[in-house]
Amino acid sequence: LNPVLLPLEWLLGAWESDQPGEGCFPSIKPFRYIESLNFSHVGQPVINFMFNAFHAETRKPMHRECGFIRMQPGTNRVAFIIAQNSGLVEIEEGELTAQRLELQSRAVARTSFAREPHVQQICRVFQLQPDGKLQQTVSMATDNKPLMQHLHIVYRRAI
């Protein structure tokens, strides 16, 4: 692991949802999902990641995200560079405090034919809990809805 990334070492590895996560937003029906996360590295000062979500009941593929995590050397500043299968790309930046990572979108772009309403802002929090489980909460704002919680899920390390 590149020394710049040592503060994020706790994130590395494979994670699976412990129980189905919950998703909601005013423009969609509430849903439950399962998800796997994979955080890896190849020695560069960057972590690679892949998130794969599936419908909790039907197991049909849902949301996918992949990208990279960077840290500003000598600081607690973190950046996620993300591409989503919905056609959305974003840069989220934030701070790492112990084993809590709080991120907010700095740039959001989408394909010209992305469906509306368009996402305008995303906030994401990862928290490693004392029991070793990883919690993620994602909040979202669109053209016509203010920032509000969209997703919440808890993961356990995959075996």
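This report covers the annotated domain, the nonpolar core, the aromatic pairs and the cysteines of a predicted model.

The UniProt record, an unreviewed entry, annotates residues 5-157 as "domain: THAP4-like heme-binding". That span is 68% strand and 0% helix, and its end C-alpha atoms lie 19 Å apart.

The largest nonpolar core has 34 residues, and those touching the most other members are L8, F39, I69, V78, F80 and L101. Leaving aside neighbours within four places in sequence, I69 is in contact with residues that include L5, L8, L11, F39, V78 and F80. In soluble globular proteins, nonpolar side chains tend to be buried together.

The structure holds 8 aromatic pairs. Two of them are set out below.

| Pair | Centre to centre | Angle between planes | Class |
|---|---|---|---|
| F31 and Y33 | 5.9 Å | 45° | tilted |
| F80 and F126 | 5.9 Å | 25° | stacked |

The stacked pair links distant parts of the chain: F80 belongs to strand β6 (residues 77-84) and F126 to strand β9 (residues 119-128), 46 residues apart. Both F80 and F126 are buried. These two also belong to one aromatic cluster with F39, F49 and F51. In the tilted pair, F31 is buried at a relative accessible area of 18%, and Y33 is buried at 3%.

A search of the whole structure finds 0 disulfides. For C24, the nearest cysteine sulfur is that of C123, 15 Å away; a disulfide needs the two sulfur atoms within 2.5 Å, so this pair does not qualify. C24 is partly exposed, with a relative accessible area of 37%, whereas C123 is buried at 16%.

Notes. Residues are numbered from 1 along each chain as its sequence is written. This is a predicted model: local features need pLDDT of at least 70, side-chain atom pairs count only at pLDDT 80 or more; totals for chains, interfaces and linings use all residues. Side-chain values use heavy atoms; hydrogens and water are left out. A nonpolar core is a set of buried Ala, Val, Leu, Ile, Met, Phe, Trp, Tyr and Cys residues joined through side-chain atoms within 4.5 Å. Buried means under 20% relative accessible area, exposed over 50%, partly exposed in between (1.4 Å probe, protein chains only). Contact means heavy atoms within 4.5 Å. UniProt positions are given in the numbering used here, feature names are shortened, and annotations may be inferred rather than shown by experiment. Helices (H or I, at least four residues) and strands (E, at least two) are DSSP runs, numbered from the N terminus. Rings of Phe, Tyr and Trp (its six-membered ring) pair if their centres lie within 6.5 Å; planes under 30 degrees apart count as stacked, over 60 as edge-to-face and the rest as tilted.
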